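Here are a few notes to read alongside the model. Keep the 3D view open while you go through them.

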Amino acid sequence: PALGRGALTMAIELVTTDGIFALDGGEWEVTNNIWIVGDDRDVLVFDAAHDHEPIAAAVNGRRVAAIVCTHGHNDHINAAVALREAVDAPVLLHPDDRMLWDAVHPHHQPDGELAPGESLRAGGHELGIVHTPGHSPGCCCFHDAADSRVLSGDTLFCGGPGATGRSFSDEPTILRSIRDRLLSLPDETVVHTGHGDSTTIGAERDGVLQRMGELGLA
């Protein structure tokens with residue numbers, strides 16, 4: 001489904017792909033959300049999961065300002081190099097996840113680094129880069145203040161924080177990231193996630209704070 005202001009100028013579009021998430025010797029079948037933000041001329045692509053072809057088809061000849069990696073887990077970057085070649089766009093990644101990138105693409109480099117506090121722009125949309133470590137060290141979210149939404153990657157889902165307990169992840173860190181950088185947003189802010197259904201900041205607020213209380217986190 002596509003969510004937007006009109007048939008010609010789409011504010012945000014969703015592509016889903018299926019594949020394997022692999023980490024720490026385990027493998028899991030997953031469906032990934034790829035979000036395309038922009039208009040009918042210029043877009044940003046958030047994550048390049050599993051298969052570049054349906055993503056390139058959705059781009060449909062528009063200029064891609066950047067292929068943005070919400071984080072470096074394989075299921076979010078494994079199609080990034082092929083998509084880069086298909087749409088001629090730079091791949092951006094937070095440097096703290098470079099070791100995850102290198103495990104998937106040892107012979108290719110990302111083209112640039114995501115810098116917290118800076119913004120990404122395409123098609124009349126501006127999204128602030130918010131560093132939210134915890135699910136991985138370099139996880140980032142992207143806040144579109146004008147349209148009251150955030151693209152959360154695997155930091156915050158419908159139902160709570162992203163998974164921790166595997167390499168390079170930490171539950172207290174992700175909870176503090178969400179509290180300090182996402183729960184400061186208005187409750188009605190829509191959260192577009194890396195997997196599954198979208199949610200809102202308000203719908204997830206109490207669960208995050210309750211879990212912090214259970215762990216005794218200040």
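**Notes on the helices and one histidine**

1. Start with helix α3 (residues 80–87), where the buried residues are Ala80, Val81, Leu83, Arg84 and Val87. Buried means under 20% relative accessible area, using a 1.4 Å probe and protein chains only. Helices are DSSP runs of H or I, at least four residues long, strands are E runs of at least two, and both are numbered from the N terminus.

2. Those buried residues cover an arc of only 165° around the axis, which puts them on the same side of α3. The arc uses directions from the helix axis to the C-beta atoms.

3. This is a predicted model: local features need pLDDT of at least 70, side-chain atom pairs count only at pLDDT 80 or more, and totals for chains, interfaces and linings use all residues. Residues are numbered from 1 along each chain as its sequence is written, and side-chain values use heavy atoms, leaving out hydrogens and water.

4. What do the buried residues of α3 pack against? The partners are β4 (42–46), α1 (52–59), β5 (63–68), α2 (74–77), β6 (91–93) and α4 (98–104), with contact meaning heavy atoms within 4.5 Å. Right after α3 comes Asp88, with a positive phi near 55°.

5. Now look at α5 (residues 171–182) and α6 (residues 201–215): these helices pack at an angle of about 135°, and their axes are 10 Å apart. Among the α5 residues in this contact are Leu175 and Ile178, and those of α6 include Val208 and Leu209.

6. Finally, find His125 in strand β9 (residues 125–131). His125 is buried, at 6% relative accessible area. Its C-alpha atom is 9.7 Å from that of Asp42, 83 residues away along the chain.

Key. Buried means under 20% relative accessible area, exposed over 50%, partly exposed in between (1.4 Å probe, protein chains only). Axes are lines fitted to C-alpha atoms, for helices over the stretch in contact, and angles run from 0 to 180 degrees between N-to-C directions.
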